[in-house]
Amino acid sequence: MRTTTLVEGLRFGECPRWHAGRLWISDFYDGAVLSVGEAGEVRREVELDGEPAGIGWLPDGRLLVCERLSRRVLRREADGSLAEHADLNRVATFHINDMLVDPAGRAYVGNFGFDLDAFLAEHGIPAALAEPGPPSADLALIAADGTVSVAAPDLRFPNGMALTDGGRTLVVAETLGLRLSAFAVDPADGSLSDRRVWAALGEVAPDGIALDPSGAIWVANAIAPECRLVVEGGEVRQVVETSQPTFACGLGGAGGRTLFALTAPD
């Protein structure tokens, strides 16, 4: 598969979403949500102080943005102002990160669960990936009205997410668990049940993920310069090599068939 560079100079790009003909991404350390056209032109959409992460849209078109450091989800109103949509401090035990907003306006939000950078500085990656490893985290569910609850407990850094099976199944990347886990979704309230391993990934640390039209899932490997296309059960159908470790991926472009990968040295 041919790869090209679309944008350079991001400080740390994450959480890509294709929306209204543009690729939207968060740049943690630049404090901005950006949108990028297919020719690579960049537009600053939102600026905030607390490091933006996961993004998504409510059914009425308003943008939701995870503010990592404050552990809040903000909502951009029609006039461009930002309002608090939900406070996740009761559920999140460290920085919040990726988010998936479903068609009904419910949002699932992951968090680190602990200070990953400090842990890695002291112990290194092998210790973080070993069992039982560092503390686990709870996945949060935000109802459309902003009410917060625990969607699923005891995940090893819940990160990227994808809805599959027509919205009946939520797949969650457990970055430090080296696996994709699946849950049945209750259509009435978005609650999760029947947890199972969708794919054990071996030595792949899944960060961001994206659902392929085939039903397979693209996985950004946070510890290698690659994205992998994985089917349920763990078989790898395709590997796309990148120039640096890949922390997020998303599909978009004409027909939704272009794979966008966000990379960084570390």
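User: Before we discuss strand β2, what does the word buried mean here?

Analyst: A residue is called buried when its relative accessible area is under 20%. The model under discussion is a predicted one.

User: What makes strand β2 count as mostly covered?

Analyst: Strand β2 spans residues 22–27, and six of its six residues are buried. On one side lie Arg22, Trp24 and Ser26, and on the other Leu23, Ile25 and Asp27; both faces are covered. In a regular strand, side chains alternate between the two faces of the sheet.

User: How do you know that β2 pairs with β1 and with β3?

Analyst: Pairing requires at least two bridges between the strands. Five bridges join β1 to β2, and β2 pairs with β3 over five bridges; therefore both cases meet the requirement of at least two bridges. Both pairings are antiparallel. Trp24 stands opposite Arg17 and also opposite Ser35 in β3.

User: Why is there no disulfide between Cys227 and Cys249?

Analyst: A disulfide needs two cysteine sulfur atoms within 2.5 Å. The sulfur of Cys227 is 4.5 Å from that of Cys249, its closest cysteine sulfur, so the two are too far apart for a bond. The structure holds zero disulfides.

User: Why is Ala128 called buried?

Analyst: The cut-off is under 20% relative accessible area. Ala128 has a relative accessibility of 2%, and therefore counts as buried. Ala128 lies in helix α2 and touches residues including Phe119, Arg156 and Leu176.

Terms used: Residues are numbered from 1 along each chain as its sequence is written. This is a predicted model: local features need pLDDT of at least 70, side-chain atom pairs count only at pLDDT 80 or more; totals for chains, interfaces and linings use all residues. Side-chain values use heavy atoms; hydrogens and water are left out. Helices (H or I, at least four residues) and strands (E, at least two) are DSSP runs, numbered from the N terminus. Buried means under 20% relative accessible area, exposed over 50%, partly exposed in between (1.4 Å probe, protein chains only). Contact means heavy atoms within 4.5 Å. Lists of a residue's contacts leave out its neighbours within four places in sequence.
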